[in-house]
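The report below describes a single protein chain, going from its overall contacts to one sheet, the helix packed on it and a few individual residues.

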Amino acid sequence: MRVFLLSCTAALTFAAPALAQDIVVTGKPLSQTEAELEACLKRQCPPDQDVAATLAHAENLFVAGKYKDSRTTLKASLGRNRQHGKAYPVPVSDLLRANSRIAEHVGEAKDFQLSVLEMRDTLKKGVGADDFRTLVAQIEVGDSRAKLGFAKDAERIYGEVEKKALNLGQHRVASFARLRKALLTQVAYDAEPTNAYLREKLGRELGQLIDQPLPGSDEFALAAEVLRAKVDRKTGDMASTDALIKRFAQRGGVTRPVLLYAEPLERALGDQDFPETMSGLNTLNQLTAIQNRGQWADVGFWISADGKVSDVDVLRKSGEQSWLKPVLKNITKRIYAPLKQNGDTAPGFYMVERYTHTARIAEDQTGTRLRRREATPRIEVMDLTPDNYEAPKPEA
């Protein structure tokens, strides 16, 4: 599983479509991770073992759609282990990172924000302010500010991390921060596609990554090329996208999917699909729409050798799923880099992604202390594809 809790406990394996249509899921069952956590606590295991068992079980609960139980498990472990952050900074920071990600899926924006900050501070105290893990955590703080709507804060944080990383000779971290700045500018440019200043700024930021790559940062230059191709497509220019696809093919393809093209998901979430966002909706209907939050679905799809998507299918789901229709359309339009092919592997790569239909808890409310969700929907995405996935060998 592409680890969202930083503990890979469940392996998902999938048969190639030409061989079988069945999806086989292997890994520790929920009852086993629960028993292992209980056994750990019973023997008063060390904090790092407690955290590992917690993350394994919380991840299993999340995959099973038990978001509340997953969050409760994480919160309980934080209560036990937060005090051990100095001695076990990495495990405790992993626990906080996991809690922040679950908080986003259930719409708890404040908990998301505070968990990311505490995760950064735990690493800073435990491994030092100049450690690359602390600097990457600070980039995550910038990400959280951007996601919560504070773009200027995020840009300032990315710039500070870039400068510090350069002074420390941590080129990959500096490139990571530069890419984040470019992504932030790209979001602003998407909102104002006629803004010449933003287009020029984005061109400079991408050009720096592509034309002046720092040592050991080739993948960030590639990411910048993918982003520049996306910008070009906004003007109807497909040449850079075609060139990227051709270059990947000439290199023999990639072993894991590299997304080259996807429409912004939010563009697919129009009023026709989410009528609760329309200003004319009456209160009763709006309240009904809010009650439909907290639904989720696992979507599986194949990426063929040429990078095209096929066989998009809802593997598991909870509740009413009309909100998922634009998501499925969005996935079918993606283009990935051509995949590496040889005689031992099936011609394709299977991916599984979790989509959660949610809405944030409104923090600032006048005249009431009751917690309520915002009317505007959100969709959170998490990749559940195995990190160690290899396409299955074809049968003889």
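Among contacts in the protein chain between residues at least 6 apart in sequence, 67% join residues at least 24 apart. The model is a predicted one, and its protein chain holds 14 helices together with 8 strands. Of the 396 residues in the protein chain, 47% are buried.

**The sheet**

Strands of a sheet pair through backbone hydrogen bonds, in either a parallel or an antiparallel manner. Here an open sheet of 4 strands follows the order β5-β4-β7-β8, and its pairing is antiparallel. The edges are formed by β5, covering residues 309-317, and β8, covering residues 378-383, each of which pairs on one side only. From one strand to the next, the twist averages 25 degrees.

Strand β4, which spans residues 295-304, runs antiparallel to β5 and is joined to it by 6 bridges. These two strands form a hairpin with 4 residues between them, and G307, which lies in the turn, has a positive phi of about 90 degrees. Two of the facing positions between β4 and β5 are set out here.

| Residue | Opposite residue in β5 |
|---|---|
| A297 | K317 |
| D298 | R316 |

**The helix across the sheet**

Helix α4, made up of residues 89-105, lies across β7 (348-358) and β8, and it runs at about 140 degrees to β8. The 17 residues of α4 reach 25 Å from the first C-alpha to the last, which is close to the 24 Å expected at 1.5 Å a residue. Because 15 of the 17 residues of α4 are buried, the helix is largely enclosed by the rest of the structure. Just after α4, a positive phi of about 85 degrees is taken by G107.

**E104 and T358**

Is E104, a residue of helix α4, buried or exposed? With a relative accessible area of 3%, E104 falls under the 20% limit and is therefore buried. Which residues does E104 contact, once its neighbours within four places in sequence are left aside? They are F112, K147, T358, R360, R378 and E380. For E380, the C-alpha atom is separated from that of E104 by 7.5 Å, although the two residues are 276 apart along the chain.

T358, one of the residues in contact with E104, is found in strand β7. Its relative accessibility is 2%, so T358 also counts as buried. The side chain of T358 reaches the backbone oxygen of H105 at 3.3 Å, and H105 is within the residue range 89-105 of α4.

**The disulfide**

A disulfide is a covalent bond between the sulfur atoms of two cysteines. The count for this model comes to 1 disulfide, which joins C40 to C45 with an S to S distance of 1.7 Å. The torsion about the S-S bond of C40 and C45 is about 85 degrees, and the disulfide is therefore right-handed. Both cysteines, C40 and C45, are buried.

Terms used:
Residues numbered from 1 in each chain as written. Predicted model: local features only at pLDDT ≥ 70, side-chain atom pairs only at ≥ 80, totals over all residues. Heavy atoms only, no water. Pairing = 2+ DSSP bridges. Axes fitted to C-alpha atoms, helices over the stretch in contact; angles between N-to-C directions. Contact = heavy atoms within 4.5 Å. Buried < 20%, exposed > 50% of the residue type's maximum accessible area, 1.4 Å probe, protein only. Expected span 1.5 Å × (residues − 1). Disulfide = S-S within 2.5 Å. Polar contact = N/O pair within 3.5 Å; in protein donor to acceptor, adjacent residues only side chain to side chain.
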